[in-house]
Amino acid sequence: MIEAQMLSRARLARGDGRRAGPAAPAAAGERLQRMFVAHHAMVWRTLRRRGLSADAAADATQQTFLIAAERLADIQPDSERAFLVGTALRAARTLGRKTIRWQLEEDMDRRVVEAWNQGDARAAVQLCDLALSKVDPDVAEVFVLFAIEGLSSPEIAASLEIPLGTVASRLRRAREQFRRAVTRIETAMEREGTA
């Protein structure tokens, strides 16, 4: 379904006055499909770590690829990932003035520790997300893109439309805040006897 919508939008976007041969729609569709296969999971994870629910992240991911389909001719082949991340984060901001707030409850630390005790395979991810929730969202965004998703500093700068120096300073601040959050979580786990 989403692939059909993206291909349809790509064909509409091609109608910008340029004449293309019969191979152009197929090439555009193949490129879009390659982008989707290569980057879909990364875009969704980035949105989840930005604080969106699974359903909202799926919607924003779909919106990201629909925009990519419309603007396919504008995306440089070596900048596809940066374009998708930047578009996804802008979509999240638009969607998220209301929804992109970490919904934490007071006993979340204890519930994560309990999940760990129960052998929940997702506990490590929950602990990481919990630590990230304690980091300022602007700097957490850079940290997630760099440390978890593996984007380079220039890619992050392009995606977020910020200077390269800002990427470096936010990354440094995020690492400091993340370390402090992890230390607090480890201390809580040790007190509970779960570390």
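## A tour around helices α7 and α8

The crossing of α7 and α8 is right-handed, and that pair is a good place to start in this predicted model. Select residues 137-148 for helix α7 and residues 153-160 for helix α8. Their axes come within 10 Å and cross at roughly 135°, which means that α7 counts as oblique to α8.

**Show the side chains between the two helices.** From α7, pick Glu141, Val142, Leu145 and Phe146; from α8, pick Ser153, Ile156 and Leu160. These residues make the contact. Colour them by class and you should find five nonpolar residues, one polar and one charged. As you look along the helices, keep in mind that an α-helix has 3.6 residues a turn, so residues three or four places apart point the same way.

**Stay on α7 and switch to a surface view.** Which residues of α7 are buried? Select Val139, Ala140, Glu141, Val142, Phe143, Val144 and Leu145, and you have them. Glu141, Val142 and Leu145 may look familiar, since they also take part in the contact with α8.

**Step just past the end of α7.** Here you meet Gly150, where phi is positive, at about 80°.

**Follow the chain beyond α8.** The loop between α8 and α9 (164-192) holds Glu161. This residue is not a glycine, yet its phi is positive too, at about 55°. Is Glu161 buried or exposed? Its relative accessibility is 61%, so Glu161 counts as exposed, the cut-off being over 50%.

**Now go back to the start of α7.** Lys134 sits in the loop that links α6 (123-133) to α7. With a relative accessible area of 39%, Lys134 is partly exposed. Add Phe178 to your selection and draw a distance between the two C-alpha atoms: it should read 7.4 Å, although Lys134 and Phe178 are 44 residues apart in sequence.

**Finally, zoom out to the whole chain.** How many helices and strands does the chain have? Count nine helices and zero strands; from the N terminus on, every element you pass is α. Colour by burial next: of the 195 residues, 38% are buried. The surface that the chain exposes comes to about 11,200 Å², and carbon and sulfur atoms supply 50% of it. If you turn on contacts between residues at least 6 apart in sequence, 67% of them join residues at least 24 apart.

Technical notes
Residues are numbered from 1 along each chain as its sequence is written. This is a predicted model: local features need pLDDT of at least 70, side-chain atom pairs count only at pLDDT 80 or more; totals for chains, interfaces and linings use all residues. Side-chain values use heavy atoms; hydrogens and water are left out. Axes are lines fitted to C-alpha atoms, for helices over the stretch in contact, and angles run from 0 to 180 degrees between N-to-C directions. Helices (H or I, at least four residues) and strands (E, at least two) are DSSP runs, numbered from the N terminus. Angles under 35 degrees count as roughly parallel, over 145 as roughly antiparallel, 65 to 115 as roughly perpendicular and the rest as oblique. A crossing is left-handed if the near helix is turned anticlockwise from the far one by less than a right angle, and right-handed if clockwise. Contact means heavy atoms within 4.5 Å. Ala, Val, Leu, Ile, Met, Phe, Trp, Tyr, Cys and Pro count as nonpolar, Asp, Glu, Lys and Arg as charged, and the others, Gly among them, as polar. Buried means under 20% relative accessible area, exposed over 50%, partly exposed in between (1.4 Å probe, protein chains only). Accessible areas come from the Shrake-Rupley method with a 1.4 Å probe; for residues, only the protein chains shown count as cover.
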